[in-house]
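What follows is a guided reading of one structure for someone meeting it for the first time. Please keep the sequence and the 3D view at hand while reading.

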Amino acid sequence: MTVTEFGKALRPTETTIPGLTLWDLPVHGDSRGWFKENWQREKKVAAGLPDFGPVQNNISFNDAVGTTRGIHAEPWDKWVSVATGRIFGAWVDLREGPTFGAVFTAEIDPSRAIYVPRGVGNSYQTLEPDTAYTYLVNDHWSPDAAYSFLNLADETVAIDWPIPLADVEISAKDLAHPRLADVAPIPAKKILVVGAAGQLGLALRDALAGPVDYATRADLDLTADLTDARRWRDYSTIINAAAYTAVDAAETDRAGAWAGNVTAVAQLACIATENDITLVHVSSDYVFDGTASAPYREDEPLAPLGVYGQTKAAADAIVSTVPRHYIVRTSWVIGEGKNFVRTMATLAERGINPSVVDDQIGRLTFTDEIARGIRHLLETDAAPYGTYNLTGAGDPASWADIAAEVYSLVGADRGRVTGVSTEAYFASIEGVIAPRPRWSVLDLTKIEATGFVPAPWRVSLKEYLG
């Protein structure tokens, strides 16, 4: 019988399988027995263990030497440690990717533990009588969970079992599992895009690769209880491309604006927090009052002028409580469908000379640029989590300047565009008009520091008009 080593330092060791880490554990003992902290979140996270949020603790007891349990890959992460006795562990990477089929083996006693990420198959052989090992998992067992299995005796993975499989206790079910060549690799966790039918949702369809689910308003009511709407542990990320964007209507339809921009976001924030999901939320320059004279940084105080801006500011505050979140703050968004650029191009073609507001200053942002920036933040695991401004780059301009640029690009005389004040423009328009920030220029230093450089809006405009 192996004697447990006392007094080890808490220390991880990387293995040949990405994310699978073997841990030395401090065990304190004397002639009476021993004690260890099997799970201590603060210390382990500080030492480098992912903060994987366990929700269930299971114990496996094996009374006979040689008891061998099959290679199972589950859709959750596990922390496996021995309470008494000793086991031989074999782990096989069954995830999609270049390390599919990679094998790692080790013995585990009470002074060792292993962190097993989702999709890595694990199997254990008992080396001492009356062995018990525990495993913490970060999802509850479900009959709908998708498992993957591998045959213990598959010669292509060639596990060197300490006790030959012919001499041990194995279930018939484990012996019947497929060989590696017949195992379908486990895909990565999915991304969920909500608001998938909107202009940003359409751009995200072109930008994102891998396993992605797209949900429209008909597929998923964000104001309803979302608890059981999906198997949320199957998702790594939710991108919220849904929003109530009718700025003027929001002044009178306050209930609709708050439901679409705040209640829905609060629902998503709860789901993301409870299931360790990264939440990406798109914010707006309308959270500011537009009185600045320099580009707004991400950490500037919010001071929305109207109902729409108030709902976006409230949503930003809610999303900021999610442990893993990116708030992507943008301005003057142009995508598919009816928009300012298309309207100006049509007016130019029809020979109309428009009057356009010239005292609101900002930068155009095209939805494909926002989608590209979101993809960059996720693919690079940009740090820290938080708010990132993301607009088109280049010189700030007024709406009248942009209209003149559109006229020029479609072959019309830019001098046909006349600049007017915001007050003059809206003077003849009936109904309640929401206040607009006069200065909507956002500082791009923070997102550029992550390696993402937005394209100048004038370049994007030229490409957009083809």
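The report below goes through the sheets, then two helices, then the backbone exceptions, and ends with the enclosed and open spaces.

## Two open sheets

The model described here is predicted. One of its sheets is open and built from 6 strands that pair in parallel, in the order β15-β14-β16-β17-β18-β23. At the edges of this sheet stand β15 (212–215) and β23, and each of these has a single partner strand, so one side of each is left without a neighbour in the sheet. From one strand to the next, the twist averages 20 degrees. Within the sheet, β16 and strand β17 (residues 278–284) run parallel and are joined by 4 bridges, and Ile-239 has Val-280 in β17 as its bridge partner.

The edge strand β23, which covers residues 386–389, holds Thr-387. Is Thr-387 buried or exposed? Its relative accessible area is 14%, and Thr-387 is therefore buried, since the cut-off for that class is under 20%. Apart from its neighbours within four places in sequence, Thr-387 is in contact with Glu-298, Ile-327, Arg-329 and Lys-446.

A further open sheet also has 6 strands, here paired in the antiparallel sense and ordered β1-β2-β10-β7-β12-β5. Its edges are formed by β1 (11–14) and β5 (56–62), each with a single partner strand, so one side of each is left without a neighbour in the sheet. Neighbouring strands of this sheet are turned against each other by 25 degrees on average, with direction ignored. The edge strand β1 runs antiparallel to strand β2 (residues 21–24), to which 4 bridges join it, and Arg-11 has Asp-24 in β2 as its bridge partner.

Strands β3 and β4 form a hairpin with 2 residues between them. Strand β3 (residues 27–30) and strand β4 (residues 33–36) pair in the antiparallel sense over 4 bridges, with Val-27 matched to Lys-36 of β4.

## Helices α7 and α8

Helix α7 lies across β14 (190–194), β16, β17, β18 (325–330) and β23, and runs at about 155 degrees to β18.

How many of the 11 residues of helix α8 are buried? In this helix, which spans residues 399–409, 8 of the 11 are buried, so α8 is largely enclosed by the rest of the structure. Those buried are Trp-399, Ala-400, Ile-402, Ala-403, Ala-404, Glu-405, Val-406 and Tyr-407. The elements that these buried residues pack against are α6 (340–349), β20 (355–357), β24 (397–398), β25 (418–420) and α11 (457–465). Just after α8, Gly-411 takes a positive phi of about 90 degrees.

## Backbone exceptions

Most residues other than glycine have a negative phi, and most peptide bonds are trans. Against that background, the peptide bond that joins Ala-383 and Pro-384 is cis, with omega at about 0 degrees, and Pro-384 lies in the loop between α7 and β23. The table lists two residues other than glycine that have a positive phi.

| Residue | Phi | Loop | Relative accessible area |
|---|---|---|---|
| Asp-130 | near 55 degrees | between β11 (120–126) and β12 (131–137) | 45%, partly exposed |
| Trp-332 | near 50 degrees | between β18 and β19 (333–334) | 8%, buried |

## Cavity and pocket

Rolling a probe the size of a water molecule over the atoms shows where empty space is left. In the whole structure, the search finds 1 cavity of 30 Å³ or more, and the largest cavity holds about 30 Å³ of space. Its lining is made up of Pro-75, Trp-76, Asp-77, Arg-118, Asn-138, Asp-139, Lys-189 and Arg-233, which divide into 2 nonpolar, 1 polar and 5 charged residues.

The second largest pocket holds about 1300 Å³ of space. It is lined by 48 residues, of which the closest to its centre are Lys-189, Ser-236, Thr-237, Arg-324 and Asp-381. Two or more lining residues each come from β16 (235–240), α4 (254–274) and α7 (367–379), and the largest share, 4 residues, is that of α7. Sorted by class, this lining has 24 nonpolar, 10 polar and 14 charged residues.

Definitions and conventions:
Residues numbered from 1 in each chain as written. Predicted model: local features only at pLDDT ≥ 70, side-chain atom pairs only at ≥ 80, totals over all residues. Heavy atoms only, no water. 1 Å grid on protein atoms, 1.4 Å probe; cavity = no way out; pocket = protein on both sides within 12 Å on 5 of 7 lines; lining within 4 Å. Points joined across faces, edges and corners; volume = space filled by probe spheres on them. Nonpolar A, V, L, I, M, F, W, Y, C, P; charged D, E, K, R; others polar. Buried < 20%, exposed > 50% of the residue type's maximum accessible area, 1.4 Å probe, protein only. Contact = heavy atoms within 4.5 Å. Pairing = 2+ DSSP bridges. Axes fitted to C-alpha atoms, helices over the stretch in contact; angles between N-to-C directions.
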